[in-house]
Every structure is written in structure tokens, then in C-alpha cells.
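Please load the model in a viewer and keep the selection tool at hand. The tour proceeds from a single residue outward to strands, cores and a pocket.

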Amino acid sequence: YARLSRSGYLLLFTSNHSHGKPFGIDFGNQAKAISDFNEQIGHSRDLVLVRVAKSFADDSLQSGKRTEVVFGFPDLEDPGHTATPDSIFHLRTSDKYNLVPKDGLRFRYLTKYAEEKGLYSASRPKIIALSSNKFVVLWESWTMERENDTVNGKYDSTWAMVIDMNGNELVPAKKLSGTESLRLNSGDDAFLMDGKAAWVNGNGSALVLHTVDSQLGYKAVRLP
């Protein structure tokens with residue numbers, strides 16, 4: 001996540017799109033249940049952005065109830081679920097590719113892998129604040145390889161983009177390239193260094209420092 005100066009946090013994660021009723025699986029037929037489950041989770045995952053108020057966790061603790069967040073357009077949300085709390089901000093967006101309600105979106109997809117025939121999927125997302133309204137987003141693109149009811153994937157490339165606090169694109173997504181491994185470690189955070197997004201990984205013989213600036217200029221330096 002990235003901390004906003006006054007209004008809370010930007011949360012970045014990956015998710016596949018909903019294809020039909022989420023839990024409409026017949027568990028009485030094991031073979032069909034496995035097939036249906038794999039069908040639902042076997043779609044490309046895209047980057048998703050949500051903006052959360054600072055009071056989000058406190059509101060949940062004070063109420064004594066688990067806060068259930070429903071992502072989607074207000075008129076399409078399942079009426080059987082608790083409404084998305086007001087501590088999930090509406091993202092103000094003019095994205096021509098999204099159907100935007102008059103009060104904005106509760107979430108936003110930043111990539112469109114699901115629309116590209118499911119060939120790739122987003123993984124290992126990172127978000128780094130360069131300023132109060134400028135953020136570098138990093139992620140890995142993985143291939144989607146299907147065999148019967150099994151979906152496997154492998155690393156393909158590392159990408160970056162620059163967005164504002166509402167997910168509006170400031171610098172378009174760019175595939176990073178260089179002579180060093182560009183892998184993003186799943187358990188390590190990226191961080192801000194000298195006004196740039198940065199992360200460290202290893203190439204088998206040395207640690208490598210990677211940096212991406214506000215225009216997606218990329219550099220890598222081996223650490224002594």
C-alpha cells in the first residue's frame with residue numbers, strides 16, 4: 001500500500017474479474033465442482049486500486065464487527081451483502097473505458113489482461129508514492145498456460161506505470177528492460193529512494209538495486 005498525506009491509503013492488489021455467480025458451485029459432484037472452481041479462478045488477474053480512509057481499521061474495531069467490503073457498482077452489488085462502507089473512497093475518474101457512476105468508482109482496474117484473451121496475468125504488485133499525488137506502480141506479467149482444468153503460469157516480464165491518487169494514468173504502462181534480472185520479490189516491499197521507486201533483488205552472485213523515476217526511466221546497479 002501507499003500512505004496518502006491526509007486522506008488514508010492507496011491499496012494495490014491483483015484480482016480476477018467476476019464471471020458469473022461467485023460461489024455457484026455444485027459440491028455434490030466432485031469432478032464438476034473442481035472444473036467449475038478452476039474455471040472461476042482460472043482467468044487473468046488484473047491490478048486493482050482502492051483508496052481507504054485512515055479510519056477504516058478503527059471503524060471496524062469500534063463496531064466489533066468484521067468489515068465486509070463489496071467491490072462493484074452500487075446498483076450491481078449483491079443486495080444480500082453489507083454495503084461497502086463509506087471509508088472506501090470513491091475514485092474520481094474520467095476513464096472512457098469504464099462505466100463510471102456519477103459518484104465515482106469504489107475500485108479501479110489498472111490493467112486489462114482479462115480483455116486480452118487471458119494470455120497474461122498480473123502478479124506481485126507494488127506501489128510507491130513519489131509525491132502526494134504521483135505514484136509508481138510496479139508489477140510482473142505472467143503467462144497463462146491452460147491444460148484441461150489446470151492453469152499454470154510463468155514469469156514473462158516486469159512493468160511500470162505512473163498514476164495519481166485516483167488511478168488516472170500519468171505515464172502509460174511500460175515494459176522494463178535491462179541486463180539484470182527485473183524480478184520483484186513477493187515478500188519484499190519496493191521503497192522510495194532519492195525521488196525514485198526502488199527495489200532490491202539478487203542475481204545469484206550479487207544484490208542489485210533497481211530504480212524507476214517519474215518518467216519510467218529505469219536503472220540497475222550492482223551493490224558492493
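## Starting point: leucine 138

Select leucine 138 together with everything it touches: beyond its neighbours within four places in sequence, leucine 138 is in contact with Arg124, Pro125, Lys126, Ile128, Trp159, Ala160, Leu176, Leu184, Ala190, Trp199 and Val212. The model on display is predicted.

Now widen the selection to the largest nonpolar core, which has 16 residues. Leu138 is among the residues with the most contacts inside this core, along with Val136, Leu176, Trp199 and Val212. Colour strand 5 (120-131), strand 6, strand 9 and strand 12 (196-202), for these are the elements that give two or more residues to the core. A second, separate core has 15 residues and includes Leu4, Leu49, Ala122 and Val137. In soluble globular proteins, nonpolar side chains tend to be buried together.

## Along strand 6

Next, select strand 6 (134-143). How many of its residues are buried? Strand 6 is mostly covered, with 8 of its 10 residues buried.

Show strand 5 beside strand 6: the two run antiparallel and are joined by 9 bridges. A hairpin of 2 residues links strand 5 to strand 6. To inspect one of the pairings, pick serine 121, which stands opposite tryptophan 142 in strand 6.

Strand 6 also pairs with strand 9, in the antiparallel sense, over 8 bridges. Here leucine 138, the starting residue, stands opposite alanine 160 in strand 9. Ala160 also appears in the list of contacts of leucine 138.

## From strand 9 to strand 10

Keep alanine 160 selected and look for its partner in strand 10, where it stands opposite lysine 174. Strand 9 and strand 10 pair in the antiparallel sense over 4 bridges. These two strands form a hairpin with 5 residues between them. Within the turn, select glycine 167, which has a positive phi of about 85°.

## The second largest pocket

Display the second largest pocket, in which about 370 Å³ of space lies. Of the 18 residues lining this pocket, Leu110, Thr111, Lys112, Met161 and Glu169 are the closest to its centre. The elements that give two or more residues to the lining are strand 4 (108-109), strand 6, strand 9 (155-163) and strand 10 (169-175). Which strand gives the most to the lining? Strand 9 does, with 3 residues. Colouring the lining by class shows 9 nonpolar, 4 polar and 5 charged residues.

## Strands 2, 3 and 4

Finally, move to strand 3 (residues 45-52), which is mostly covered: 7 of its 8 residues are buried. Strand 2 (residues 9-16) runs antiparallel to strand 3, and 8 bridges join the two. Within this pairing, leucine 12 stands opposite leucine 49 in strand 3. Leu49 also belongs to the second, separate core.

Strand 3 is joined to strand 4 as well, by 2 bridges, and these strands run antiparallel. Select valine 48 to find its bridge partner in strand 4, tyrosine 109. Strand 4 leads back to the second largest pocket, as one of the elements that give two or more residues to its lining.

Terms used:
Residues numbered from 1 in each chain as written. Predicted model: local features only at pLDDT ≥ 70, side-chain atom pairs only at ≥ 80, totals over all residues. Heavy atoms only, no water. 1 Å grid on protein atoms, 1.4 Å probe; cavity = no way out; pocket = protein on both sides within 12 Å on 5 of 7 lines; lining within 4 Å. Points joined across faces, edges and corners; volume = space filled by probe spheres on them. Nonpolar A, V, L, I, M, F, W, Y, C, P; charged D, E, K, R; others polar. Core = buried A, V, L, I, M, F, W, Y, C linked by side-chain atoms within 4.5 Å. Buried < 20%, exposed > 50% of the residue type's maximum accessible area, 1.4 Å probe, protein only. Contact = heavy atoms within 4.5 Å. Pairing = 2+ DSSP bridges.
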